Amino acid sequence: MTLKSTLLSTAVLAALVAGSPAFAQAPPPPAPPSPPQAVMLLTPVVIDKLQADNIVAVKGSVAEIFGNKFILQDDTGRALVELGPQGENGAAVAKGELVMVQGRFERGFIVAQTVSHADGRNQAFGPPSPPPRPPRDAAVDRGPGGRLPPPPPPPR
């Protein structure tokens with residue numbers, strides 16, 4: 001056996017051993033499950049009874065999908081539902097699917113906290129945003145940039 005053939009057979013044997021399942025790298029361990037979130041289940045209301053700045057639950061069918069937003073429709077009307085960054089892929093719901101959405105109704109749309117599907121799946125999309133701040137007193141002139149003007153100089 002020549003040196004060349006010995007080197008070639010050693011290289012082939014090394015490639016076979018390195019590619020065998022015994023030497024294959026193990027897949028990474030699965031990510032630990034996220035801690036369960038406490039969710040208060042609400043009784044659904046119809047869309048035309050939604051009140052601003054309230055936590056709501058609404059049942060209906062998905063009429064249209066726009067990225068991380070979709071139109072939820074029931075017999076009384078339609079509402080825009082925002083899923084936030086977790087819904088960016090547009091795969092959270094399907095057109096025509098029956099769902100129940102729970103979240104905060106503000107500025108004319110629902111910021112979803114959970115979406116419950118007819119097949120029993122539930123998806124969490126984060127807590128609803130805090131209620132909006134009360135409006136400032138319009139009688140107070142706050143000047144440019146919303147700041148109060150400086151006080152007058154002290155008397156001499």
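**Entry 1: a salt-bridge network**

I began with the charged side chains and found that E97, D119 and R121 are linked in a network of salt bridges, where a salt bridge is a side-chain nitrogen of Lys or Arg within 4 Å of a carboxyl oxygen of Asp or Glu. I keep in mind that this is a predicted model, in which local features need pLDDT of at least 70 and side-chain atom pairs count only at pLDDT 80 or more, while totals for chains, interfaces and linings use all residues. I also note that residues are numbered from 1 along each chain as its sequence is written, and that side-chain values use heavy atoms, with hydrogens and water left out.

I then took the network pair by pair, and looked up R121 and E97, whose side chains meet in a salt bridge at 3.7 Å from N to O. R121 lies in the loop between β5 (109-117) and β6 (122-124), whereas E97 lies in the loop between β3 (77-82) and β4, so this pair ties together parts that are 24 residues apart in sequence. For these names I rely on DSSP runs numbered from the N terminus, with helices being H or I of at least four residues and strands being E of at least two.

The other pair that I looked up in the network is D119 and R121, whose side chains meet in a salt bridge at 2.9 Å, N to O.

**Entry 2: how covered these residues are**

For accessibility I used these classes: buried is under 20% relative accessible area, exposed is over 50%, and partly exposed is in between, with a 1.4 Å probe and protein chains only. R121 is partly exposed at a relative accessible area of 40%, E97 is buried at 16%, and D119 counts as exposed at 56%.

I asked myself how many salt bridges a search of the whole structure finds. The search finds four, and one that I looked up outside the network joins R107 and E106, with the closest N and O atoms 3.1 Å apart. In this pair R107 counts as exposed at 69% relative accessibility, whereas E106 counts as buried at 5%.

**Entry 3: strands and their partners**

I listed one helix and six strands in the protein, and from the N terminus on the elements run α-β-β-β-β-β-β. Two strands pair if DSSP finds at least two bridges between them. Strand β1 (residues 54-66) and strand β4 (residues 98-106) run antiparallel and are joined by eight bridges, and within this pairing the partner of K59 in β4 is M100.

β1 also pairs with strand β2 (residues 69-74) in the antiparallel sense, over five bridges, and here S61 stands opposite Q73 in β2. In the hairpin of β1 and β2, which has two residues between the strands, I found that G67 takes a positive phi near 65°.

**Entry 4: a loop residue, Q86**

Where does Q86 lie? I placed Q86 in the loop between β3 and β4, and at 54% relative accessibility Q86 counts as exposed. Leaving aside neighbours within four places in sequence, Q86 is in contact (heavy atoms within 4.5 Å) with A124, F125 and G126. Q86 and Q123 are 37 residues apart in sequence, and their C-alpha atoms are 9.9 Å apart in space.

**Entry 5: the protein as a whole**

Last, I noted that buried residues make up 26% of the 156 residues in the protein. Of the contacts with a separation of 6 or more, 46% are accounted for by residues 24 or more positions apart.
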